[in-house]
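User: I am new to reading protein structures. Could you take me through some features, one by one?

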Amino acid sequence: MQITQPLAETAERRRENLFVRIVRRLADSRELTLFVLVVVLALAMSIVYPNNFPTASNMRAVLLNLAPVGMLVCGMMLLMIGGTFDLSVGSTLAFSGVWAGVVAGWWGWSAEIAVLIGILVGALCGLVNGLIVTRIGINALIATLGTLTIYRSLTYVTAGTGVTPISDAFAEYGRAADPLFRIQSPFWAMLVLVLVGGWLVARTRFFRQFYFIGGNPRAAQLSGIRVDRLILIGFVIMGALAGLAGVLGAARLNSAVVNAGVGIELKVITATVLGGASLKGGEGTILGGILGVLFIALIENAMIINAIGVFWQGLVVGLVLLFAVSLDRFKTSGRA
Amino acid sequence: MAPRLKINGLSKFFPGVRALDDVSMSVEAGEIRALLGENGAGKSTLGKIVAGVYSRDQGTVLVDGAEIGTLDEKAAGDLGIGIVHQEGSLVPQLSVAENIFAGRQPTQWLGQVNVRAMREQAKALIAQLGVAIDPALKVSVLSPAQAQIVEIAKALSRDLRVLILDEPTAALTLTETGKLFDVVRRLAGNGVSVIYVSHRLAEIFSLCHSVTVLKDGRLAGTRQVAETSTDELIRLMVGRDVHFSRSATGRKIGEIVLEAQDLDAPPLVRSASIIVRAGEIVCLAGLIGSGRSEFCEAIFGARRRHGGQIRIGGTAIDPKGPWDGKHAGIGMVPEDRKAAGLFLGMDIVNNVAATVLSRVSSGANFSNRKAEALARNFVDELRIATPSVRQIVGNLSGGNQQKVLLAKWLAMEPRLLIVDEPTRGVDVGARSEIYRLLRALADKGVALLVVSSDLPEVLALADRIVVMAEGRTVGELPGDGASEEQVLRLATRYTASVAEVRKQPDMAEA
């Protein structure tokens, strides 16, 4: 009773053992947590499976496979920072890919125009989502749940069973690889997006407004931030990114598949939340999001290599997600 | 006979804070005890411990002489201790009856809720409080005062021995407050002990028998209301004498900054006009629901306007959203600082920067350095008590939050600053500081439009008082020499005449 508060607190701090301190440190930065997990997992896999895991071909496959989710995470992170999200990204991705396929394959237009149209179709889908959410005022969950089925259905209506093959010039957009690492273009596109997007969201005042919107939309509105306009822009960016992912995916296979991206929205949201986004909005970084994607990709790869089987994959990813989010309870700077 | 509630040596720690330190008090059956103190003095914490919302770290609690071991919300309910929270605990989508019996609805066969019995019992409970509210109504359609009554009925639905009211009148009008007091007195007359947590001294003098004052988590003293004075209670709360006197500054009042004419923004604003000059503090007074906040929102662009003109510095503006108001040089500090003003989860730097993102940027880049410098300036200038500018705003006390909110709008250097309820939920010490700040702003030539329901505040601050009633500006008084009675007469007389007109719609039409 006689001890003054600061003293009592230091004594308490000292009693905390090393483990607790590490947990606190990790809890304070989701990026750091994920980075440590990714490194530990990669090292462990390299030691246990030196012939299968750290090979050039395996790395190439892992990085190429995570590209579409990685691109989408950039947009999803932005939306979730602003306190909203988009469930229709998988359908947008397929719809855009199919339109690029139709333009290049059936109509025989140039590959450049096909790529452009694919991205535009995606942006248009995003615009529609954004208008429904901001103008009509339908909750994003319901609005994009609706467009998820609408866009998928429009994809079937447009191309039936898909467009195969599209055209060699178009395929080149998804297959071109760099001379050094020989990784195909979707990965490089994703890398550029992550770097540019990461800088934009972390540093520029325009994108910084999303943190305010997610933190308290009414206060943001009354601070003179154009909440609806920004959310609309966020949805358009999300749609354009889904369009790009769809176009590059179709190009890589030289085939626009109508079932492309089924279920990808949940993968993307999982990675985004794992990367530090909150459903309430106001927090998260693109770096965290991409580390989330990388971590999930490594887990999947590990499962395939050690032949535990694909069936266990979801269990592990789910447990890691719950673990990472529960770490928040140990945050030192969090609100009481 | 043992007292109804006895607390001995109660202490409570939160991380880094000793919220309550060795507090003892005892309350008799049928006694109305006020719990008074500045924000952060621990009065709400004390109430919540007695109601079992928080656990205690040290000390004993005795109810009717029996010592209580673990005291959680269920145990408190079983003991007959009820609490009406500041935030309210009702589910707006459900009916009054359903809310009163939440989780304990009377049932019939197969566990079905017996709706009829539930409604009848709810009706009886509400009737005990001397009011009539249809128990079938949804809570969302009730007025804040009716919702309070339902909260009390909910506490009453179990054999109530101690009722804790945490700032119950914050959202109530004067008449509603009067009705609530009748209910509280009736309960006390039936032997219920009431712990009444409030900032408002006037209420304590009109309602309570005794008052316990807390300061920084410690007991500062307990007095019988009949034997104490406002001055003594304020001294106990802040440890010094505080006066809200008018300061005779001889401020220079300049040109017209805001001229709003016949603003029409239904349903709450119909034909309101106002003029505010540079260096002038104009207070907008009126009863709750008279359309003051809505009038201000319409000026700022946060509310759709159907008619009327707004001029800022002689130039007509037509704000379509808050960004337009801001662009014209208007700042608006909203009434509800938590819901509409601050980013509670963000730090001081980001909150202050929210209105001036372009100023704290270099090109497209947000500059943390510039934003921190700006925030540091305001922390010094406004004397915001915080360990660092990176402190999360949700962790600050009410008074300091209010200062951060002011800083957010001062950062944009407004020509006209609208402040809606500048000191709601702010303790006495911080209050006089906020007055000092507002006066200093006016001295610098900013035009200030202050909405306040607190008449002493209006009289202390205003150079001119504009009174609103029923969505109209109905009168004007000079700030110097005006009395509370004059303001109230203006605010209520108009209401009465409108009511008369409404009684005879045919004649009014003709």
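**Reading the model**

Analyst: Start with distance: in chain B, the C-alpha centres of domain 1 and domain 3 lie 36 Å apart. Keep in mind that this is a predicted model.

User: Which residues make up each domain of chain B?

Analyst: Domain 1 covers 5-238. Domain 2 has two pieces, 256-329 and 414-505. Domain 3 covers 342-406.

User: Let me try a single residue. Where is V379(B), and is it buried or exposed?

Analyst: Place the residue first. V379(B) sits in helix 13 of chain B, residues 368-381. Then check accessibility. Buried means under 20% relative accessible area. V379(B) has 12%, so it is buried.

User: What does V379(B) touch, leaving out residues up to four places away in sequence?

Analyst: Its contacts are I348(B), I384(B), T386(B) and V389(B).

User: How far is V379(B) from G80(B), in sequence and in space?

Analyst: The two are 299 residues apart along the sequence. In space, 45 Å separates their C-alpha atoms.

User: Now N400(B). Which helix holds it, and why does it count as buried?

Analyst: N400(B) belongs to helix 14 of chain B, residues 398-410. Its relative accessibility is 11%, which is why it counts as buried.

User: What does the side chain of N400(B) reach?

Analyst: It reaches the backbone nitrogen of A385(B), at 2.9 Å. Setting aside residues up to four places away in sequence, N400(B) touches R383(B), I384(B) and A385(B).

User: What should I look for in backbone angles?

Analyst: Learn the usual pattern, then look for exceptions. Most residues other than glycine have a negative phi, and most peptide bonds are trans.

User: What is phi for R383(B), and where does that residue lie?

Analyst: Its phi is near 50°, a positive value in a residue that is not glycine. R383(B) is in the loop between helix 13 and helix 14 of chain B. Recall that R383(B) is also one of the residues that N400(B) touches.

User: What about E413(B): what is its phi, and is it buried or exposed?

Analyst: E413(B) has a positive phi of about 50°, though it is not a glycine. The loop between helix 14 and strand 19 (416-420) of chain B holds E413(B). For the second part, exposed means over 50% relative accessible area. E413(B) has 60%, so it is exposed.

User: And where are the cis peptide bonds from T164(A) to P165(A) and from P266(B) to P267(B)?

Analyst: Take chain A first. The bond joining T164(A) and P165(A) is cis, with omega about -15°. P165(A) lies in the loop between helix 7 (140-159) and helix 8 (168-175) of chain A. In chain B, the bond from P266(B) to P267(B) is cis, with omega near 5°. P267(B) is in the loop between strand 11 (256-265) and strand 12 (269-277) of chain B.

User: Last topic: pockets. How much space lies in the second largest pocket?

Analyst: Ask about volume, then lining. The second largest pocket holds about 870 Å³ of space. It is lined by 43 residues, and those closest to its centre are N65(A), P68(A), V69(A), I264(A) and K267(A).

User: Which helix gives the most to that lining?

Analyst: Helix 4 of chain A does, with nine residues. Several helices of chain A supply at least two residues each, among them helix 5 (89-106) and helix 12 (227-253).

User: How does the lining split by class?

Analyst: The lining of the second largest pocket has 27 nonpolar, 13 polar and three charged residues.

Key: Residues numbered from 1 in each chain as written. Chains lettered and ligands numbered in written order. Predicted model: local features only at pLDDT ≥ 70, side-chain atom pairs only at ≥ 80, totals over all residues. Heavy atoms only, no water. Helix = DSSP H or I, 4+ residues; strand = E, 2+ residues; numbered from the N terminus. Buried < 20%, exposed > 50% of the residue type's maximum accessible area, 1.4 Å probe, protein only. Polar contact = N/O pair within 3.5 Å; in protein donor to acceptor, adjacent residues only side chain to side chain. Contact = heavy atoms within 4.5 Å. 1 Å grid on protein atoms, 1.4 Å probe; cavity = no way out; pocket = protein on both sides within 12 Å on 5 of 7 lines; lining within 4 Å. Points joined across faces, edges and corners; volume = space filled by probe spheres on them. Nonpolar A, V, L, I, M, F, W, Y, C, P; charged D, E, K, R; others polar. Domains from an automatic or database assignment.
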